[in-house]
Amino acid sequence: MAQRKPKSKWVKLGILFVSSLLHWACTSSSNAVLKSPDGSLSLTYQLDDKGQLWYQLSRNDTIVLDSSQLGAVLSEADFSEKLKLTSDSLYEGISDDYVMLNAKRKQNHYRANGLVLKLQNEAGRRCDIIFQLANDGLAFRYFFADIGRSTKVEKELTSYHLPAGSKAWLQPVAIAKSGWEQTNPSYEEHYEQDIPVGTPEKTGTGWVYPSLFKSGNSWLLITEAALDSSYCATRLAAQSPGGIYRVAFPDSKEEITKDGVLPHSDKPFYSPWRVVTVGGLSTLVESTLGTDVASPAKGEIPAFVKPGKAAWSWINSKDDFITYDEQKRYIDFAAQMKWQYCLIDVNWDDKIGYDKIAELARYADQKGVGLILWYNSAGDWNTVKYTPKGKLLTHSDRIREFDRLKQMGVKGIKVDFFGGDGQSVIKYYQDILDDAADYQLLVNFHGATLPRGWARTYPHLMTAEAVRGFEMVTFGQEDADKEATHAAMLPFTRNAFDPMDFTPMNLYKIQSHVQRKTTSAFELATSVLFLSGIQHYAESPSGMAHIAEGVQDLLRTLPDSWDDIKFIEGYPGKYVVVARKSGESWYVAGINGEEQAKELKLRLSFVEGKQGELFADEQDGTGISQQTITATNEVAVSMKASGGFLMKF
């Protein structure tokens, strides 16, 4: 992917005596062998007297990851110990420029320096470890070069050793095959916030990516990218004694039709990149490292890939209103709001039927609206009854169904209920994406895994759920009570790199027994704060009728993609203010995750002197006010408890 320019420099490897059973003790004899282009980050590595490999990461000469182990055990080769270094090569000037339409920036520029360690085990089998160090973090991966027959990766020894006193913001992995209709895990749990590192995950299943830590004055966000169909998705292990978090593989039940959980290949292959973003909170929120190292798209972004916004009936009226008349009403709603899509959810094949859906697609097209249709992913790996079901299981199934959808004029699919991270499940995701591309269908995954940079590799992957989204707020008061603090976590974690189908922005009220605890301005802010290639809004036609015309006009003209981002201020789970640029306009969105009002003085020098509009909570908290403001270097803004605001300059 990136161009690497070799530099003729070799680093002498020192051997350090190990007195600890867990890790080698760092001493002043360790050499910084790799530095970021700006010199702020440095990486050291060592082989100990057992032939085990360790690395350490520092920022501004302060350790942010202490001695952490590397290695893997394969069915055909052991790279966990008795390793020998055969060569180490430094590279400068790694460079990659790319475009994304469903990310925080359209134009992205990656710069890094690299190091390749070539290792042999006692039997002479080869493994490379490839490091890239950018100004905003570290990425590394394994290359298993010596593969001539079917081989499994039985475990990775990869670890991240957070120094004593560090804190963590982490989401547990749900127990496999638990929950409604055995659909877990699907990355839909609440975060545990500001906990001491080393706190065990209670169910024993582990922690999902991205995993957020604070080490001294530095923040770290750990994830993975460039996951392909030879590997499984991973997580951090449930137990982290001494602050040592290890990469863990999925539960044995997280597979499709008994096709396997563990990574395997019969030819040389790479692991995903292990990604550690490092810096202040602004670094994490503005970084694109999770897509910088993702696999590039094949060729130019296709013309059918068009970001946008969608109306969606199910979030308001649920299963009983997947009817022809209701969907026509929501198509009209999308057209009225100048939104490009309308999603028709579960059981459409039974309650409306293919012929009438084709009729709706023609009607929608006349109004400039494209239809997206829901599918049940499942074969025998969950018990969900919703249909269409069993239509996407094989290549022949998919091309038959996708050809029919293309002939009908349908623009995209939403595929739900995957329930696993095993290698066979990852292959299924990518098979769907490959076949959907051939029929020019946009894709939305629900009940799904974290996309891990796939939106770069597959530009028609517009969004994925992998979050405890707004549908949970409509189901129960407990989730409604936690929405504000949960939402204030997401720009720092789940939505840091990957598009997220939270289905935000319920402006009027929830159409159920649940009382929303966030304000209307909070909900409006999420339309800009959250990133999704297609943003499915949680508002109904009747609800929108209660909203001021100025707010409706704003929603008709909101950008569909973004050129730039600035983190203004915030703290995970407490509050966040982010600015996004589209063309010559800036949008500044803020939400308050706490139950106390906040008075902010925002530094907005990048729009100083510009006139704009401020949409904020009315004094009585019942609606959204609109006023003209002029930006100065310091703009005073009030946020109610669980409130928010949106500015446009």
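**Exercise 1. The pair helix 4 and helix 6**

Determine why helix 4 and helix 6 count as roughly parallel or roughly antiparallel to each other, and describe their contact.

Solution. Helix 4 and helix 6 turn out to be roughly parallel to each other. The structure is a predicted model, and the steps are as follows.

Step 1. Helix 4 covers residues 324–336 and helix 6 covers residues 354–366; they pack at an angle of about 15 degrees. Angles under 35 degrees count as roughly parallel, and the pair is therefore placed in that class. The axes of the two helices are 10 Å apart.

Step 2. The crossing of helix 4 past helix 6 is right-handed.

Step 3. From helix 4, the contact takes Tyr324, Gln327, Lys328, Ile331 and Asp332. Helix 6 contributes Lys356, Glu359, Leu360, Tyr363 and Ala364. An α-helix has 3.6 residues a turn, so residues three or four places apart point the same way.

Step 4. Sorted by class, the contact of helix 4 with helix 6 holds five nonpolar, one polar and four charged residues.

**Exercise 2. The four-stranded sheet**

State the strand order of the open sheet formed by four strands, and find which strands are its edge strands.

Solution.

Step 1. The order is 8-7-13-21, with antiparallel pairing.

Step 2. Strand 8 (78–79) and strand 21 (264–265) are the edge strands, each pairing on one side only.

Step 3. Inside this order, strand 7 (residues 72–74) and strand 13 (residues 151–156) run antiparallel and are joined by three bridges. Val73 stands opposite Lys155 of strand 13.

**Exercise 3. The six-stranded sheet**

Trace the open sheet of six strands from strand 31 onward, giving its order and its pairings.

Solution.

Step 1. The strands follow the order 31-32-33-38-35-36, and the pairing is antiparallel. Strand 31 and strand 36 (624–630) each have a single partner strand, so one side of each lacks a neighbour in the sheet. On average, neighbouring strands of this sheet are turned by 15 degrees against each other, direction ignored.

Step 2. Strand 31 (residues 564–571) is joined to strand 32 by seven bridges. Gly570 stands opposite Val576 of strand 32. Three residues lie between these strands in their hairpin, where Gly573 takes a positive phi near 80 degrees.

Step 3. Eight bridges connect strand 32 with strand 33 (residues 585–592), and Ala579 faces Val588 of strand 33 as its opposite residue. This hairpin has two residues between the strands, and Gly583 takes a positive phi near 60 degrees.

Step 4. Strand 33 pairs with strand 38 (residues 644–648) over five bridges, in the antiparallel sense. Here Tyr587 has Lys648 of strand 38 as its bridge partner.

**Exercise 4. Helix 12 on the sheet**

Find which strands helix 12 touches where it packs on the sheet of Exercise 3, and how many residues of helix 12 are buried.

Solution.

Step 1. Helix 12 touches strand 32, strand 33, strand 35 (611–617), strand 36 and strand 38. The direction of helix 12 makes about 130 degrees with that of strand 33.

Step 2. In helix 12 (residues 520–529), 10 of the 10 residues are buried, so this helix is largely enclosed by the rest of the structure. Among the buried residues are Phe522, Glu523, Leu524 and Val528.

Step 3. Strand 32 (residues 575–582), one of the strands touched, has six of its eight residues buried; therefore strand 32 is also largely enclosed by the rest of the structure.

Notes:
Residues are numbered from 1 along each chain as its sequence is written. This is a predicted model: local features need pLDDT of at least 70, side-chain atom pairs count only at pLDDT 80 or more; totals for chains, interfaces and linings use all residues. Side-chain values use heavy atoms; hydrogens and water are left out. Two strands pair if DSSP finds at least two bridges between them. Axes are lines fitted to C-alpha atoms, for helices over the stretch in contact, and angles run from 0 to 180 degrees between N-to-C directions. Angles under 35 degrees count as roughly parallel, over 145 as roughly antiparallel, 65 to 115 as roughly perpendicular and the rest as oblique. A crossing is left-handed if the near helix is turned anticlockwise from the far one by less than a right angle, and right-handed if clockwise. Contact means heavy atoms within 4.5 Å. Ala, Val, Leu, Ile, Met, Phe, Trp, Tyr, Cys and Pro count as nonpolar, Asp, Glu, Lys and Arg as charged, and the others, Gly among them, as polar. Buried means under 20% relative accessible area, exposed over 50%, partly exposed in between (1.4 Å probe, protein chains only).
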